[in-house]
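Reader: I am new to this structure. Please take me through one part of it closely, strand by strand, and then show me what lies around that part.

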Amino acid sequence: MMIDRRTALLCAGMVALMVLAAVVRVAFIHGAVLVARQETPLLWQICLLPIIAALLVLSLYANGRHPPVSAGAKAQPSYELGQRLSIGCCLSLLLIQGLLILTSLDLPLTPWLGLPLVHWIGLAVVIAMVALVLQALDQTPKLPWFDRKLYPAGELGPIYGPRYMRARAKIWLLCLVILLPCIYAGPRLAWLSVLIAFAIAFVWDMTLQVHYGRRWKIEQSMTPDCKP
Amino acid sequence: MNSVFKALSDPTRRRILQLLRERPMTAGQIAEHFDIAKPTLSAHFAVLREADLVYSDKMGTSVTYHLKLSVLEDALLSFAETVGVGLGGGHALKPSRRTR
């Protein structure tokens, strides 16, 4: 998946808005009555969300920075999926941050079914964002593979590249599905679970990449006489 | 989704997808694994292309097929293979390839 400059600028605008909102909330709104137990987790979540959005946009833009010359129209599905994911996620994170800021101000909010309406809206946005990410991960193996040097594995070739894409999509999809129950957990436990799960998935992803990179190098270095 | 279920319901087409899981292959390389006529194999490729499970690259006179399965479709393929959907139909593999 990748995004072009136009989409990157649009998403950067949303990230800038999130950063501004976080700065205004943390630095300038004084005197608001805060529920003591909720203050710190809410404030660090308000500051963390723009970082997550920025990392997502940066990684997708970096992917699309130097598309292979042979890509052409083949790269179009990758750009479309990347655009949907980046804009959808940035919008969702912006909305969630807005709702967190509202919650942190402890304003009198209309309850609905025993919880503030803001809570239900936030839950709906989180579920929509997770569905978007799951759908994007599901469709990733259908995107065409463009051979390029990955770090740290190098080139994976036309055989191991698509295999790596399929395995990688499964790893991250599994990671996300396992994390779904954390929506209902407390913020500290939820973020800790996200951190641990992402760390494991990242290590697994990199190990797989290096493994396939080595196999491709071995296959490339085999002489025609030795090849089976 | 109907076209995906239709494509995965045939054991021959599932075997083609499993072969493509290993590496992209030309139509000729895939045909070596089956004991069926080429027009029949072409019909299977057409069903797989219609279901968007494979795509083809034409280089010169040869056509190379690449796998194009989403995670869900991959899981459906594994499930259909495990349960044995459509067994009793499908085409025989060549004897030399049956042990694979």
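Author: β2(B) and β3(B) run antiparallel and pair over six bridges. This is a predicted model. The two strands form a hairpin, with two residues between them. One turn residue deserves a look: B:Gly60 has a positive phi of about 70°.

Now walk along the ladder. B:Lys58 stands opposite B:Val63 in β3(B). B:Asp57 has B:Thr64 as its bridge partner, again in β3(B).

β3(B) has another neighbour. Strand β3 covers residues 62–67 of chain B, and it pairs with β1(B) over two bridges. That pairing is antiparallel too. Here B:Met25 stands opposite B:Tyr65 of β3(B).

Put the pieces together. The result is an open sheet of three strands in chain B, in the order β1-β3-β2. Its pairing is antiparallel. Which strands form the edges? They are β1 (25–26) and β2 (54–59) of chain B, each pairing on one side only. A helix covers this sheet: α2(B) packs on it and touches β1, β2 and β3 of chain B. The direction of α2(B) makes about 90° with that of β3(B).

Next, the contact with chain A. Chain B gives 15 residues to it, and chain A gives 14 residues. Together the two chains bury about 1200 Å². Of that area, 48% is on carbon and sulfur atoms.

Charged pairs cross this interface. How many salt bridges does the rule find between chain B and chain A? It finds four. Over all chains, a search of the whole structure finds eight. One of the crossing pairs joins A:Lys142 to B:Glu73, with the closest N and O atoms 2.7 Å apart. A:Lys142 sits in the loop between α4 (117–139) and α5 (157–179) of chain A, while B:Glu73 belongs to helix α5 of chain B. In another salt bridge, the side chains of B:Asp74 and A:Lys170 meet at 3.0 Å, N to O.

Polar contacts cross as well. Between chain B and chain A there are eight residue pairs of this kind, both residues at pLDDT 80 or more. Which elements of chain B give two or more residues to the side that touches chain A? They are α2 (11–22) and α5 (71–83). α5(B) gives the most, with four residues. The residues on this side of chain B divide into six nonpolar, one polar and eight charged.

So much for the surroundings; back to the helix on the sheet. α2(B) appears in both parts of the picture. It packs on the three strands, and it gives residues to the side of chain B that touches chain A.

Key:
Residues numbered from 1 in each chain as written. Chains lettered and ligands numbered in written order. Heavy atoms only, no water. Contact = heavy atoms within 4.5 Å. Buried area = accessible area lost by both parts, 1.4 Å probe. Polar contact = N/O pair within 3.5 Å; in protein donor to acceptor, adjacent residues only side chain to side chain. Nonpolar A, V, L, I, M, F, W, Y, C, P; charged D, E, K, R; others polar. Pairing = 2+ DSSP bridges. Axes fitted to C-alpha atoms, helices over the stretch in contact; angles between N-to-C directions.
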